[in-house]
Amino acid sequence: MSSSPRFDRGHTDDLMAFLMACPSPYHAVATAASRLEKAGFRQVEETAAWDGSSGGKYVLRGGAIVAWYVPEGAGASTPFRIVGAHTDSPNLRVKPMPDTGAHGWRQIAVEVYGGTLLNTWLDRDLGLAGRISLRDGTHRLVNIDRALLRVPQLAVHLDRSANPDGLKLDRQKHMQPIWGLGDVAEGDLIRFVADEAGVDAEDITGWDLMPHPVEAPSYLGRDRELVAGPRMDNLLSVHAAVAALAAVAGQPDAEIPYIPVLAAFDHEENGSQSDTGADGPLLGTVLERSVFARGGTYEDRARAFAGTVCLSSDTGHAIHPNYAERHDPTHHPVINGGPILKVNVNMRYATDGSGRAVFASACEKAGVPWQLFVSNNSMPCGTTIGPITAARHGIQTIDIGVAILSMHSARELCGSDDPHLLATALASFLAG
């Protein structure tokens, strides 16, 4: 078997373009689909009958995408190799009745989505993106990628306790962005969005809109060894998985012993319980239909799932130089040290010893360094789609990712080498 595809710093350059193109989960799956189309994949509709032909295929549903490549000669019981990730990030989301304001200011009513660091959204130039739903049942992507909104912080003169005691923010009162001056008028925001999208406001019957920082990602550090940018949790993994899947699908079919899969879900940041989340039926349905479309039976489905392995790829915590005591004293993942293997014996991560062997083998084959992450026993451990995937589908799942700083900030920080090291490891895993 030939060596699996490898990536370099150019992949990190491309990641920054991907982050800018994907201000919402809906843009993320559209961009991923466009890249897969260029690699020869084609969209299949969930409402259509599927055939058992070989090649690359994908399903879109809202902010989720599942893509897979069936090599020539794959049998009905051929196992899958899955990379799981999520398309959503903690942020602010526009409410159903968005027009609000006071004292001559026009504001936008928002909800807080996920576990965002609220202070990182203050005094930042924000655009507005997402999707609008039209009266004919179609959707339209919207990306107003310019300084439109701002959540202004209270001046220190009016809050003398902010520095010594820490900033305290009320999620309802303090996080509503301003977007202009004047009287509040119902329907203003949607009329504005309609103009930007080139549709009639009367045709918009629903929306899923969210502010986003408009500052572009950038390299930083003395040697440009760091990258700062928005939504790395978890578009960094989505981007790497798309690149890895496209590269593996470009290899000779005889060299692909599994069916490689990308599963990028929405709503991980609030529990994954939706029709597009990892706790929904989407992945299982797609995998089963793929088996049955190739003439398989339930027995073939069971055999395929028994041999299937999933890498749940999500960002993790690099050792923080200012808060080292918050980390486990013997596990210190570092920036640019390669992807991390996440372990938690209470199954907040799905990794076990057998899974560690699978991941280590993929990294070794690819020549990629890797690290271990374990939470400090005194700190609560986060979780991912990994345990959900393992429990819902009964498939072996391993939690991995890239170590970053400023997780859940409006602007996060990673190493400039880690994105392409992750993509190379994922390609090695998918290629078998």
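In this predicted model, the buried residues of helix α9, which covers residues 385-393, are Ile385, Gly386, Pro387, Ile388, Thr389 and His393. Those residues have plenty of company: they pack against the strands β4, β13 (259-265), β14 (309-313) and β18 (396-401), and also against the helices α6 (282-293) and α7 (298-306). Both ends of α9 have something to show. At the N-terminal end, Thr384 acts as a cap, with a side-chain oxygen placed 2.9 Å from the backbone nitrogen of Gly386. Just past the helix, Gly394 takes a positive phi of about 65°.

One of the packing partners of α9 is helix α7, and α7 is where Asp300 sits. Is Asp300 buried or exposed? Its relative accessibility is 14%, and since buried means under 20%, Asp300 counts as buried. A polar atom of the Asp300 side chain lies 2.8 Å from the backbone nitrogen of Thr297. Setting aside neighbours within four places in sequence, Asp300 is also in contact with Ala76, Ser77 and Val291.

Strand β4 is another partner of α9, and it leads to a residue that turns up in a database record. For "binding site", an unreviewed UniProt entry lists His86, His157 and His408. These residues are spread over 323 residues of sequence, and they are spread in space too, with up to 41.1 Å between C-alpha atoms. Of the listed residues, His408 is included in the lining of the largest cavity.

His86 is found in β4, the strand made of residues 80-86. This histidine is buried, with a relative accessible area of 1%. A polar atom of the His86 side chain lies 2.9 Å from the backbone oxygen of Asp88. Which residues from further along the chain does His86 touch? Not counting residues up to four places away in sequence, the list is Asp233, Asn234, Leu235, Val238, Phe265, Glu268, Glu269 and Asp314.

His408, by contrast, is located in a loop, the one between β19 (403-404) and β20 (412-415). With a relative accessible area of 17%, His408 is buried, because the cut-off for that label is under 20%. Leaving out residues up to four places away, His408 touches Pro90, Gly115, Thr116, Leu117, Thr120, Asp233 and Glu269. Asp233 and Glu269 therefore appear in the contact lists of His86 and of His408, with contact meaning heavy atoms within 4.5 Å.

Two other loop residues are worth a look. Gly338 lies in the loop between β15 (316-317) and β16 (340-342). How buried is Gly338? Its relative accessible area is 0%. Gly338 and Trp370 are 32 residues apart along the chain, yet their C-alpha atoms are separated by 4.7 Å. Gly338 also touches Pro369, Gln371, Asp418 and Leu421, not counting residues up to four places away in sequence.

Val368 is found in the loop between α8 (353-366) and β17 (371-373). Val368 is buried as well, at 5% relative accessible area. With residues up to four places away left out, Val368 touches Pro339, Cys363, Leu421, Thr424 and Ala425. Leu421 is thus a contact of Val368 and of Gly338, where contact again means heavy atoms within 4.5 Å. Gly115, one of the residues touched by His408, is a long way off: Val368 and Gly115 are 253 residues apart in sequence and 31 Å apart in space, C-alpha to C-alpha.

Now for the whole protein. How many helices and strands does it have? The secondary structure comes to 10 helices and 20 strands. The radius of gyration is 22 Å, close to the 22 Å that the globule rule gives for 432 residues, so the protein is as compact as a globular protein of that length. Taken along the principal axes, its C-alpha atoms fill a box of roughly 70 × 55 × 40 Å.

Of the 432 residues, 55% count as buried. The protein exposes about 18,000 Å², and carbon and sulfur atoms supply 49% of that area. Finally, among contacts between residues at least 6 apart in sequence, 77% join residues at least 24 apart. The C-alpha atoms of Gly338 and Trp370, 4.7 Å from each other across 32 residues of chain, give one local picture of how the chain comes back to itself.

Conventions. Residues numbered from 1 in each chain as written. Predicted model: local features only at pLDDT ≥ 70, side-chain atom pairs only at ≥ 80, totals over all residues. Heavy atoms only, no water. UniProt positions renumbered as here; feature names shortened; annotations may be inferred. 1 Å grid on protein atoms, 1.4 Å probe; cavity = no way out; pocket = protein on both sides within 12 Å on 5 of 7 lines; lining within 4 Å. Helix = DSSP H or I, 4+ residues; strand = E, 2+ residues; numbered from the N terminus. Buried < 20%, exposed > 50% of the residue type's maximum accessible area, 1.4 Å probe, protein only. Polar contact = N/O pair within 3.5 Å; in protein donor to acceptor, adjacent residues only side chain to side chain. Rg over C-alpha atoms; globule rule 2.2 N^0.38 Å. Areas by Shrake-Rupley, 256 points an atom, 1.4 Å probe, with all protein chains shown as cover.
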